[in-house]
Amino acid sequence: MDRLDNTIRPYAWGSTTAIPELLGVAPSGEPQAEMWMGAHPGAPSRTARGTLVEVIEADPERELGAVAVAKFGPRLPFLLKILAAGAPLSLQVHPDLAQAKEGYEDEERRGIPVDAGHRNYKDANHKPELICALTEFDGLCGFRDPNQAAELLAGLGVDSLKPYVDLLHAHPEDAALREVLTAVLSADPEEMARTVTEAAAACARLGGEYAPYADIAHHYPGDPGVIAAMLLNYVRLQPGEALFLGAGIPHAYLSGLGVEIMANSDNVLRCGLTPKHVDVPELLRIVRFEAADPGVLRPEASPDGEEVYETPIDEFRLSRYVLPEGGAAHDLTRPTPQILLCTAGSIRAGEHELSPGQSVFVPAGEKAEVSGTGTVFRATVIV
């Protein structure tokens, strides 16, 4: 079992206080957005044996287990993060596995450098993800019913939004959503900036259900993503609740602290709320234009105290144990690789004492016993 030394990514949208408060350290004054736990080459966790990438490459079957290697290849299939949003993240969507492979191969054939700003596909993998709230956590997830979106836009009283309201009323669901998103992202930038400015002022004046969009517009003035965001479901998670984001589902995290797990990929198609490249034609190919309830997940408890967040994919499995004072130890030994993350209290994992924000990597089949008082998240795979 290896204690992990993890990198904190200083993205501009990160909170300046949430991760330092979790770790019990003084804030640096700089944004701290994500702490990465895993073997992603961009910021692999470090161990006493080297980086987790180096440890796994040296003996994949020993670290990951033969069954996991046969199913996923000689790499850790997931990336675990602590995510701290102090400002809204970009509005985005992820491809499915077939789309990712096709897009990656196409950009490779065209010779687009993998670090180019206009490159869409950094790898050939899909990127389903799950976010579990540690604090109240606000986000956008999936399309609203078009009639509800039309009502929200109409309530602003902005004349230049009326054509979008009419489109949302006049077409079948998928066509309505596709046409409006296409129109918003393809509009003349100066005209759209004026529309967004007027809509933002109305949101600030009206408050209530419009308040989140006023805040988004404050961070991204004039961005067409502000209007696109109003087509999506607004969700507020309570601690312990989660969202699963599958392929093609537009989403954005707005504020809060959470544990995030995802397939090990960097593939993101952006819809707005960003200065980065927005490839509208490719985005429209990937987005699933269907209205749906965001589907807030609550963990399913098992007799041994494990609370599992059920998802339809195999690259990751996230669960947690809430350990009461004086409770029995739990044997977490599995034939698959694991990362154990403490988020509250004091947890003993093997020979390691973990405080909030600290984590360990457990090779496949290695004895893994946890005890103490607090909360520990368990990340592994399904084989």
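**Strand S21 and two pockets**

Let's begin with a strand pairing: S18 (residues 338-349) runs antiparallel to S21, and 10 bridges join the two. This is a predicted model, so please read what follows in that light. At one point along this pairing, Ala349 stands opposite Val370 in S21.

Strand S21 covers residues 369-380, and it also pairs with S16 (residues 317-323), again in the antiparallel sense, over 7 bridges. Look for Ser319 here: its bridge partner in S21 is Arg378. A further antiparallel pairing, over 2 bridges, links S21 with strand S17 (residues 330-331). There, Asp331 has Glu369 of S21 as its bridge partner.

Now let's turn to the pockets. The largest one holds about 860 Å³ of space. Its lining is made up of 38 residues, and those nearest the centre are Ser90, Gln92, Val268, Arg270 and Lys276. Strands S3 (34-38), S6 (78-85), S12 (251-263) and S13 (269-272) are the elements that each give two or more residues to this lining. Of these, S12 gives the most, with 5 residues. If you sort the lining of the largest pocket by class, you will find 18 nonpolar, 8 polar and 12 charged residues.

The second largest pocket has a volume of about 400 Å³. Around it are 19 lining residues, with Ala39, Pro41, Arg75, Leu76 and Asn264 nearest the centre. Here a helix gives the most to the lining: H2 (residues 52-58) supplies 4 residues. By class, the lining of this second pocket divides into 9 nonpolar, 4 polar and 6 charged residues.

Note on methods. Residues numbered from 1 in each chain as written. Predicted model: local features only at pLDDT ≥ 70, side-chain atom pairs only at ≥ 80, totals over all residues. Heavy atoms only, no water. Pairing = 2+ DSSP bridges. 1 Å grid on protein atoms, 1.4 Å probe; cavity = no way out; pocket = protein on both sides within 12 Å on 5 of 7 lines; lining within 4 Å. Points joined across faces, edges and corners; volume = space filled by probe spheres on them. Nonpolar A, V, L, I, M, F, W, Y, C, P; charged D, E, K, R; others polar.
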